[in-house]
Every structure is written in C-alpha cells, then in structure tokens.
Amino acid sequence: MALIVKKFGGSSVATPEKIIAVARRVLKEKNSDDQIVVVVSAMGDTTDDLISLAKAITDQTTGREMDMLLATGEQVTIALLAMAFAKLGHEAVSMTGFQAGFTTNEMFNKAKITDITADRVRQELNAGKIVVVAGFQGLTKNGDITTLGRGGSDTTAVALAAGLKADHCEIYTDVDGIYSSDPRVVPTARRMKEITYNEMLEMARLGAGVMHPRSVELGMHYDMPIHVRSTFTQEPGTFIREEYTMEEKEFVIRGVTHDTNVAKIAVLGVADQPGIAYKIFSTLAEANVDVDMIVQSVRAMDKHIIDMVFTIAQGDAPQAKKILERLKTEMDFSGLMIDENVAKVSVVGAGMLGNPGIAATTFGALADAGINIAVISTSEISISCLIELDRVKEAVNAIHARFFPN
C-alpha cells in the first residue's frame, strides 16, 4: 500500500472533459490498496478571470476580500473532480484547504502555512475514499480565508504530503519534467531525470516556472521526493530529491533560467554611513517586498556618497516606489530610478563549485552575442546577470549553447 499526493494544475483541469480525464488517470494508476489525495488548482484561467472581476469593481485588488474571492476558484474544481470520481464508480470527498486542516498566518495574498492538522483527510482515506483538496488556500486562527500566492497549489501538495508522511508527491503539469531551460525558449533544452532540492530551489527562485520555491523548500525540509510529470503523457518525468545517480553528474551546469518579472531600482546619492542600507531594506521587508540582486557602488569617495541598485518583482514596483519616495524625503538621497525593461538570466548547478571558468563562459557567451550586463549576482551554485528585456531569448540560447552543446 502506498500513500500518494497528486497535484494537477489549472491547465490539467481547464475543462469538464479534462477533469474527467484526470479522474480516469488517477484511477488507472491506483493500486487497489493505495491511498490517494488529489490537490487541484482553479480551472484554466479562472484565477485571472476573478482578478479581472475585482478590477472591474476597484483598483484595490489585494487584502482579505481578494482572498475570499480567489479561494472560490479551487472550490469549483474540487467539487467537479469529486463528482467525476463518483461517476466513474469510486467514492471521493472534496475538501477546501481549511477543511483539510491548513492553518496560515494573516499575510493575505501571500500567506504561509503555519500548521497542518490533517486528521479528517486521514479519516476519509481510511474509509477508502479518494480525497480531493483545494490547493492555494488556508485559514487563519481568526477564521479568515487566505491564499498562498503564486505556486500555492504546489506548496499545498508538498506540505500535505509531508504532513501525511506520504511515500511521495507527484506534480502533474503541461510539461513532462524539469528541463535544462524553458523548451519554449530553447528548443534544444534537455529533460533531466533527476535534480537535487538545492539545484531545483535555485532554478525556481531564478525563474524556472515549473515549481515554486516554497514547495521545493518544503520538500527539502521534510525529505519528501517530488515527481514532476506531464498530465498528458504516461512518460516518467523528473524526480526532485536529495541526491541523483551518476548519470546526471556529467553536467557541471544543470540549467539556464530566465525571469522577466523583474524591476530594477536605483537609489542614487545616498550618504555612505552605517544604518543606511538597513533603513532602506528593512522598510521594504516590512511591506513584504522581496529584494534580490543588490549592488552598492561609490559615487564620490571624498564626499562619502554611494548609489544602490537592486531588483524586485515587477508587481511590487508600485509599492516600493511609494516607500522609497517617502524615504527619499527622510534620508535626503538625490534620486530614484525604476526600470521595468529588464530581465534576469542565470546559470545553476552544484557542479560549478570547484570548477573555475563558469562565470567567464557565461559572460563570454553574452559578450559574443553583443548583450550588455547591467548587474551581476552570484551564489555558491548560481550566477545571474541582469540584461535588457528584449534580449532575454537570445541571451538564454547563447548561454545554453555553451554549456549544453549539441
């Protein structure tokens, strides 16, 4: 007997026909004594449609009421999928995130799971039912509905698998695994059979859209194997786990990613004195604005003046602008510039440790393509470059060709 959590994304359940196809697939793959939990997203573009409805009413599309609205999308899917299982002759029960025992903090729109009490899920599994759970949502201690932000259904699935001590978690999507780059951008991208948690986490953080970073973090923390597979084929996908076999160790670099959801912010003419950086970045953090690549440069050594350049998600740009304009008055820095016409390209691989020349190869590929680098950021297993938005496809292909020659 195996306990398996399976997650199906919005494209996998976009129509009634696809929902029935998902139910058929789950039943076909299920052994007689397996216990199955299915986590689903809202159908197709439902979440985007709900956001559009809200925008037709108000410009205020964040906060508690948005979560109340957005959580309805997944509730439609879970009810329909449970009906599909019943039609096919297998008893199933649908549960919202809070019925499944998800408690979150009160950070609406970007809530984090604080606890899972999955007693009712276990009870229904032990009764022989398939349990269908709404992804992306939870409940605060005060009884308010929350949503988990982008990629929230992945997070729900991995967290529930960990809470139930499942054998593994399967993430079904419209691609058949994790690739060395986005195959829609790089036709020669190769599918990986396995990838480590650390490498996948870094790729997800740097723009690979197949998995959300928070779900990979949970998998790594609880040592929960994650199998990324295609909804539309029977082919094996990619396993995300602690270690991989020798077959995957031939590549120093595992992937080349890109992220176009980036805004570059330059804070100019800041006094070079203790506490300045803390003031700027702590204020942004209090507003839940995530900051990524950070570069500080000296403008005038004799006058003790510096400039700071950093990146954030484009969606956070309006809020960051308000915060920094207020700080500009308080801190008396000379200028503020925001540029959304940028993108980030990155190379990722644990193999770059102890392998000199990775940075030179990356920069050389961009130089040969005539692509300028605005900002460079590194970690132990990644190198990221900020470039012009309209050169991103060219940049990714140029770098990928250097590390993965045909």
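Student: What makes strands β9 and β11 count as paired here?

Tutor: This is a predicted model, to begin with. In it, five bridges join β9, residues 168–173, to β11, residues 226–230. The cut-off for pairing is at least two bridges, so five bridges make β9 and β11 a pair. The two strands run parallel. For one concrete partner, take Y172, whose bridge partner in β11 is R229.

Student: Which other pair of strands in that sheet can I check in this way, β1 with what?

Tutor: Try β1 and β2, which pair over six bridges in the parallel sense. There, K7 has V39 in β2 as its bridge partner. Six bridges against a cut-off of at least two: paired again.

Student: What is the order of the strands in the whole sheet?

Tutor: Eight strands line up as β3-β6-β2-β1-β9-β11-β12-β10, in an open sheet with mixed pairing.

Student: Why are β3 and β10 said to stand at the edges?

Tutor: Count partners: β3 (92–95) and β10 (194–196) each have a single partner strand, so one side of each has no neighbour in the sheet. As for twist, neighbouring strands of this sheet are turned by 20 degrees against each other on average, if you ignore direction.

Student: How do you know that β1 is mostly covered?

Tutor: Buried means under 20% relative accessible area, and six of the six residues of β1 are buried. Look at both faces: L3, V5 and K7 point one way, I4, K6 and F8 point the other way, and all are buried.

Student: Which helix lies across β1?

Tutor: Helix α5, residues 152–164, does. α5 also lies across β2, β6, β9 and β11, and runs at about 175 degrees to β1. An angle over 145 counts as roughly antiparallel, so at about 175 degrees α5 is roughly antiparallel to β1.

Student: What about α6, and how does it run relative to β10?

Tutor: α6 (residues 197–205) lies across β10 and β12, at about 85 degrees to β10. The range 65 to 115 is roughly perpendicular, so that is the label for α6 and β10. α6 also lies across β13, β18, β19 and β20, running at about 170 degrees to β18.

Student: Where do those strands belong?

Tutor: In an open sheet of four strands with the order β13-β18-β20-β19 and antiparallel pairing. Its edge strands are β13 (255–259) and β19 (375–379), each pairing on one side only. The twist averages 20 degrees from one strand to the next.

Student: What makes β18 and β20 a pair?

Tutor: Seven bridges between β18 (342–348) and β20 (382–388), which run antiparallel, against the cut-off of at least two. A343 stands opposite I387 in β20. Helix α10 (residues 358–368) lies across β18, β19 and β20, at about 20 degrees to β20. Under 35 degrees is roughly parallel, so α10 and β20 get that name.

Student: Why are α6 and α7 called roughly antiparallel?

Tutor: Their axes come within 9 Å and cross at roughly 165 degrees. That is over 145, and α6 and α7 are therefore roughly antiparallel to each other. The crossing is left-handed.

Student: Which residues meet there?

Tutor: From α6, Y197, N198, M200, L201, A204 and R205; from α7, P213, V216, E217, G219 and M220. Sort the residues of this contact and you get seven nonpolar, two polar and two charged.

Student: How do you know that α8 and α9 deserve the label roughly antiparallel?

Tutor: The axes of α8 (residues 276–286) and α9 (residues 317–331) come within 10 Å and cross at roughly 150 degrees. With 145 as the cut-off, that makes α8 roughly antiparallel to α9. This crossing is right-handed. I276, K279, I280, T283 and L284 of α8 touch A320, I323, L324, R326, L327, E330 and M331 of α9. Their split is eight nonpolar, one polar and three charged.

Student: Last one: why is K18 called partly exposed?

Tutor: Partly exposed lies between 20% and 50%, and K18 has a relative accessible area of 32%, so the label fits. K18 is found in helix α1, residues 16–29. Beyond its neighbours within four places in sequence, K18 is in contact with S11, S12, V13 and F232. K18 and T231 are 213 residues apart in sequence, but 9.7 Å apart in space, C-alpha to C-alpha.

Conventions. Residues are numbered from 1 along each chain as its sequence is written. This is a predicted model: local features need pLDDT of at least 70, side-chain atom pairs count only at pLDDT 80 or more; totals for chains, interfaces and linings use all residues. Side-chain values use heavy atoms; hydrogens and water are left out. Axes are lines fitted to C-alpha atoms, for helices over the stretch in contact, and angles run from 0 to 180 degrees between N-to-C directions. Contact means heavy atoms within 4.5 Å. A crossing is left-handed if the near helix is turned anticlockwise from the far one by less than a right angle, and right-handed if clockwise. Ala, Val, Leu, Ile, Met, Phe, Trp, Tyr, Cys and Pro count as nonpolar, Asp, Glu, Lys and Arg as charged, and the others, Gly among them, as polar. Buried means under 20% relative accessible area, exposed over 50%, partly exposed in between (1.4 Å probe, protein chains only).
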